[in-house]
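Colleague: I should like to understand how the terms used for a protein model are justified. May I ask you to set each value against its definition?

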Amino acid sequence: MVALSVENISKRFGGLQALKEVSFQVEKAEIRAIIGPNGAGKTTLFNIINGFLKPDSGRVLFNGFNLVVLRPNKISQLGIARTFQIVKTFLGMTVLENILAGSGCEIYHQITSFFEKPYGSRYLKDALKIAESCELQEYLYSPAGTLPLGIQRKVEIARALATKPQLLLLDEPVSGLNDLETQEIVKLVKKINSQGVTVIFVEHDMHFTNEVAHRITVLDYGVKIAEGTPREVMSDPKVMEAYLGSEESA
């Protein structure tokens, strides 16, 4: 069953064609990687899916809703959460408070937010469960800004999980991490996916991508040039040329 359908998405910034008629489908409970050289349009595509940008043409369908006509907060309410390439935890808040902030998305858009706060027993129980799943128990009362980058990545993912997403978007989840920290994120992403959450991620680390992704979509200069399993994509001549250049240009 299809979780997300990207249909003929195009986006131009002045004279730059960032995306040109990009289409692909992601199945439910799939882990999909979106890769490509710098400037390929990966983050632009993420920002369109998430509602931060509007495309010039095309649509993105999720559970029957066309996301391109919705604001980011409405998209979050539908069950889509994301993290960012540059970690965006609430640095002065504890790990627990960061997770509880994600829980608040359930109530902030309603009038009841004036009377209900995401610190009740139900929210606290859910936050502690998420922290345990992400192996953050020992950091619960530490300010996020005092923690190593790898732990902050986990905190950001945990906060996203607190919104109870069906689809999780991860923008370069292992950027800047060492090998041990990267393996921790590998384990966490696989655990999240095993619980039925669809995951789409943008990443330059091909070891991480090959280990985690079920399928890969490759962009180059805003155009989809390949799609398939990691084995299929890594042996595609068009992908090799996009990353390494052709013999003629060498």
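Colleague: What makes strand S4 and S5 a pair, and in which sense do they run?

Modeller: This is a predicted model, and the answer rests on a count of bridges. Two strands pair if at least two bridges are found between them. Strand S4 (residues 57–62) and S5 are joined over two bridges, in the antiparallel sense, so the pair meets the requirement. One bridge partner of note is Phe65 in S5, which is matched with Phe62.

Colleague: How do you know that strand S1 pairs with S2 and with S4?

Modeller: The criterion is again at least two bridges. Strand S1 (residues 2–13) is joined to S2 by eight bridges, and S1 is joined to S4 by five. Both pairings are therefore established, and each is antiparallel. Leu4 illustrates the arrangement: it stands opposite Val26 in S2, and its bridge partner in S4 is Phe62. The hairpin of S1 and S2 has two residues between the strands, and Gly14 there takes a positive phi near 60°.

Colleague: Why are strands S2 and S5 said to stand at the edges?

Modeller: The sheet is open and has four strands in the order S2-S1-S4-S5. Strand S2 (16–27) and strand S5 (65–66) each have a single partner strand, so one side of each is left without a neighbour in the sheet.

Colleague: Why is Phe62 called buried?

Modeller: A residue is buried when its relative accessible area is under 20%. The value for Phe62 is 2%, so it counts as buried. This residue is found in strand S4. Leaving aside residues up to four places away in sequence, Phe62 touches Ala3, Leu4, Leu67, Leu78, Gly79, Ile80, Gln166 and Leu167.

Colleague: Why is helix H1 described as largely enclosed by the rest of the structure?

Modeller: Helix H1 (residues 42–49) has eight residues, and seven of them are buried, so the description follows. The buried residues are Lys42, Thr44, Leu45, Phe46, Asn47, Ile48 and Ile49. After H1 comes Gly51, with a positive phi near 90°.

Colleague: What makes the contact of Asp171 with Arg82 a salt bridge?

Modeller: The cut-off is 4 Å between a side-chain nitrogen of Lys or Arg and a carboxyl oxygen of Asp or Glu. In this pair the closest N and O atoms are 3.3 Å apart, and the contact therefore qualifies. Asp171 lies in strand S7 (residues 167–171) and Arg82 in strand S6 (residues 80–82), so that distant parts of the chain, 89 residues apart, are linked. Both residues are buried. By this rule the count comes to 11 salt bridges.

Colleague: How do you know that Glu135 and Lys187 form a salt bridge, and are these residues buried or exposed?

Modeller: Their closest N and O atoms are 3.4 Å apart, which is within the 4 Å limit. The pair links distant parts of the chain: Glu135 is in the loop between H4 and helix H5 (149–161), and Lys187 is in helix H6 (residues 179–194), 52 residues apart. As for exposure, buried requires under 20% and exposed over 50%. Glu135 has a relative accessible area of 34% and is therefore partly exposed. Lys187, at 40%, is also partly exposed.

Colleague: What is the case for Lys154 and Glu184?

Modeller: The closest N and O atoms are 3.0 Å apart, and the two residues form a salt bridge. Lys154 lies in helix H5 and Glu184 in helix H6, so the pair ties together parts that are 30 residues apart in sequence. Lys154 has 6% relative accessibility and thus counts as buried, whereas Glu184, with 23%, is partly exposed. Elsewhere, Glu30, Arg32, Lys224 and Glu227 are joined into one network by salt bridges that share partners.

Colleague: Which residues line the second largest pocket, and what is their character?

Modeller: The second largest pocket has a volume of about 350 Å³. It is lined by 15 residues, and the closest to its centre are Lys129, Ile130, Leu161, Lys164 and Gln195. Helix H4 (residues 121–133) gives the most to this lining, with six residues. By character, the lining divides into seven nonpolar, three polar and five charged residues.

Terms used: Residues are numbered from 1 along each chain as its sequence is written. This is a predicted model: local features need pLDDT of at least 70, side-chain atom pairs count only at pLDDT 80 or more; totals for chains, interfaces and linings use all residues. Side-chain values use heavy atoms; hydrogens and water are left out. On a 1 Å grid over the protein atoms alone, a cavity is a set of points where a 1.4 Å probe fits but cannot get out, and a pocket is an open set with protein on both sides within 12 Å along at least five of seven lines; lining residues have an atom within 4 Å of a point. Grid points are joined across faces, edges and corners, and a volume is the space filled by probe spheres set on the points. Ala, Val, Leu, Ile, Met, Phe, Trp, Tyr, Cys and Pro count as nonpolar, Asp, Glu, Lys and Arg as charged, and the others, Gly among them, as polar. Buried means under 20% relative accessible area, exposed over 50%, partly exposed in between (1.4 Å probe, protein chains only). Contact means heavy atoms within 4.5 Å.
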